[in-house]
Amino acid sequence: MNNQKNDIEIPVQLPLLAVRDVVIFTDMILPLFIGRDISVAAVDAAQDGDKLVLIAAQKDQSKDEPGPEDIHQVGTVAMIMRQLRMPDGRIKVLVQGLAKARIVGIISREPYYKVAIEPIPDVEAPEGSIELEALMRNVREQSQKILSLKDVLSDEVVAILDNIDDPGRLADLVTSNLRVKVDVAQKVLETVDPLARLKMVNDFLGQELKVATMQAKLDSEAREEMDKSQREYYLREQLRAIKRELGEESARDDEIADYREKIKKARLPKEVATEAMKQLTRMEWTHPDAAESSLIRTYLDWILDLPWSVSTRDHLDLKEAKKVLDADHYNLEKVKDRILEYLAVRKLHKKQKGPIICFVGPPGVGKTSLGQSIARAMGRKFVRFSLGGMRDEAEIRGHRRTYIGALPGRIIQGLKTAGSNNPVFMLDEVDKIGADFRGDPASALLEVLDPEQNNAFSDHYLNLPFDLSKVMFITTANLLDPIPQALEDRMEVIHLSGYTAEEKVEIAKRHLIPRQITSHGLTDKQISFTDTALKKIITSYTLEAGLRGLDKKLATICRKVARKVAEGQTGPYRVTPSSLHKYLGPEEILPEPERAEGQVGVATGLAWTEFGGELMYIEVRTMPGKGNLTLTGQLGEVMKESAQAAVAYARSRAEDLGLSPDFYEEIDIHIHVPAGAVPKEGPSAGVSLMAALISALTDRPVPKDVAMTGEITLRGQIMPIGGLKEKSLAALRAGIKKVIIPKQNLKDLEEIPQQIRAKMEFIDVDDIDQFLHIVFGAEKPVIKRKSTRVRRKAAVPRVHRVPGNKPPRPARVNG
């Protein structure tokens, strides 16, 4: 294309720049901000060439990546006069429209749209046309009126409008400088006939003038309304004075009197009552339509709605409370005893401060439901909210009243909901609190959960002391480690371990099954479960310390039975072990196959996770080599150090073990812990690492029916570990009844229920020599030196999974 404008030759192919909310006209100079990658590439290509680009408007402004079909075909060829790169990666360009053009084809799409264009020549306006002259005058006058109404009219603008004789340029100038919608501006751009274009602009100006006139009228009325409001305020104050002299009362006075009466009857603490009366006085002298009046009213409502002196009466009948706790929860004697002890002290000492208890245990063991039972047993209101994921300190302490939409914190809101100042307040997931730039909620809880400080807890919104010492706070957590030490010190920690299979059967019969039958619209006559079926569900379809998985499986069975009943098959249905496959499919968890004998280089360890105890198999193999030690199975640093300590101890006692002093120079040792996708950490695997290592070096098998846990030292001592109850339950679930534990953990056996201890044998050891004697059944496991070769037996995995079934949830193994 050889079109000339201002001595610039416009080529037939140009980069295409799509814009969202503006239409560029000829001779128009406008800054643009370019952010899209394809648009930046188009600008860069134009800069590398003749600085020309075709600018066209999008049809749909909401599309971030418009295609050629989403862009108007008529646009304006523009020159990039100036370019500036912004710190955020965008480009600011100053462009000037040169000529109209139409897109006739797409040359390329990457890295920018390159289009073929053809010119749209300007049509000459008819000379001497009276209609054209009238239109031009009308457009000028309406433009001046609109600009005058908007207070942006100046002598320079008037001179520019009067000096333009070309109707097309006048239409383009007016359209580009007034707030015209994109679709209207695009129609003006696509209209070639200057007379038709001017008529279109004239019609738009007529409508815009009406809008501008109405807007100016509304502004004037608003100013008059403000003056009127001020005048009415002074008149209203004079009227109040007159009514006061005449002994009459207004609605405003009734509201003030009503608040004053409520404050007197609310039995507020002296400091709170003083502040309430102070705020009421401020409200009385504040204009009722002022924003501050509404804020004061909301503040007074919060003060009056809080239970400053309202308490529920505790049920101090210990026998009745025990019945309630026993009815709601099976076992958990330690927790029940703690609640009954608190009630006993309350019965003897009425002003006893509320305890702060933290239930720690795996998911599904009943931590949250315990709080509800405690509230029911004590006759108190129950309030609960979750701290999981909370990052804003204001969620605890509230927002200051200077902020719009400020509210008290969740503690004060919970007390308002409860309607008493001594509820059972449960704070769930205290181990999952976050922290960021908005503050640390855990630090805010230090005041809430401190009996020596919470008798004067100050919420930022109220800015008044509230006594929380009567509240019984109960927190729950899966782990203690994430809880800050200062916060943990303020709480009485009670550990809730997992349940045995027998306990789960009993809980299912007492609580889970009746609840599921009721929630699925069934009756006891339509469905029943045998004890053996429940036992099989627990052992073959769930692998957990709590009860959630069991509850889901029972719900699945009830749903299938409910469908049959709804289809007319009334039953009754008796769930037995043989019918479980029909309801739940194949067994998800198959127990370890029974081994005829122990294996060389394989020892059974015990680990603790946040979901309860787990069995952990340690595998050791030796092979000819040069003394290398390989550790696999995604072991943590502490566990690696335990493995290195075991190897060092074996080297130091080589002669006692019947090995040559330099045996390690001729072999490589590989230690592996299965389930390699699960991170494992902690020192309690030390003894199992030692047993598997000595077994592999001396070619003697570790007994299959023994599990072990304990930390080792280079001096040969066995150190105590944690989580003994959870680990014992894990061994019992796997059918292992003999457990070797450190001697210093004998005191922890009291935490294990008597019925579990009666089924198991706990062997305490003090040092590695004693431990090896028990494991290998001889004073010293002396083996011929040639027996360091490896037995080629495959390691037996702990759990076999049926293909297609969901595997157990991975967990971080701790000591």
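These are my notebook entries on what I looked up in this structure, which is a predicted model.

**Entry 1: nonpolar cores**

I began with the nonpolar residues, since nonpolar side chains tend to be buried together in soluble globular proteins. The largest nonpolar core holds 53 residues, and I noted Phe359, Ile374, Met472, Ile527, Leu554 and Ile557 as those with the most contacts inside it. A second core, separate from that one, has 51 residues, including Val360, Met390, Val448 and Leu480.

I then picked out Met472 and asked which residues Met472 is in contact with, once its neighbours within four places in sequence are left aside. I found Ile339, Tyr342, Pro355, Ile357, Ile374, Met378, Arg380, Pro423, Val424 and Phe425 on that list. Of these names, I had already written down Ile374 among the residues with the most contacts inside the largest core, and I kept Arg380 in mind for a later entry on salt bridges.

**Entry 2: salt bridges between helices**

How many salt bridges does a search of the whole structure find? The search gives 40, and I looked at some of them one by one.

In the pair I took up at the start, the side chains of Glu292 and Arg282 meet, with 1.9 Å from N to O. This salt bridge links distant parts of the chain, with Glu292 in helix α9 (residues 291-305) and Arg282 in helix α8 (residues 270-284), 10 residues apart. I checked how accessible the two partners are: Glu292 is partly exposed at a relative accessible area of 35%, and Arg282 is likewise partly exposed, at 35%.

Next I looked up Lys509 and Asp531, whose side chains meet in a salt bridge at 3.4 Å, N to O. Here too the pair links distant parts of the chain, since Lys509 belongs to helix α17 (residues 501-519) and Asp531 to helix α18 (residues 531-540), and their positions lie 22 residues apart in the numbering as the stated separation. Lys509 has a relative accessible area of 37% and is partly exposed, while Asp531 is partly exposed with 40%.

**Entry 3: a pair in sequence and a network**

I also recorded a salt bridge between Asp748 and Lys747, in which the closest N and O atoms are 3.2 Å apart. Lys747 counts as exposed, because its relative accessibility of 57% is over the 50% cut-off.

Asp314, Arg346 and Arg380 are linked in a network of salt bridges. Is Arg346 buried or exposed? Arg346 counts as buried, because its relative accessibility of 17% is under the 20% cut-off. I placed Arg346 in helix α11 (residues 333-348), and, not counting residues up to four places away in sequence, I found that Arg346 touches Asp314, Leu316, Lys351, Gln352 and Arg380.

**Entry 4: cysteines**

I searched the whole structure for disulfides, and the search finds 0. I still looked at two cysteines: Cys358 counts as buried at 0% relative accessibility, and Cys558 counts as buried at 1%.

**Entry 5: Ser695**

My last look-up was Ser695, which is found in helix α22 (residues 686-698). Ser695 counts as buried, with a relative accessibility of 0%. What does Ser695 touch, not counting residues up to four places away in sequence? I listed Gln599, Val600, Gly601, Arg700, Pro701, Val702 and Phe776.

Key:
Residues are numbered from 1 along each chain as its sequence is written. This is a predicted model: local features need pLDDT of at least 70, side-chain atom pairs count only at pLDDT 80 or more; totals for chains, interfaces and linings use all residues. Side-chain values use heavy atoms; hydrogens and water are left out. A nonpolar core is a set of buried Ala, Val, Leu, Ile, Met, Phe, Trp, Tyr and Cys residues joined through side-chain atoms within 4.5 Å. Buried means under 20% relative accessible area, exposed over 50%, partly exposed in between (1.4 Å probe, protein chains only). Contact means heavy atoms within 4.5 Å. A salt bridge is a side-chain nitrogen of Lys or Arg within 4 Å of a carboxyl oxygen of Asp or Glu. Helices (H or I, at least four residues) and strands (E, at least two) are DSSP runs, numbered from the N terminus. A disulfide is a pair of cysteine sulfur atoms within 2.5 Å.
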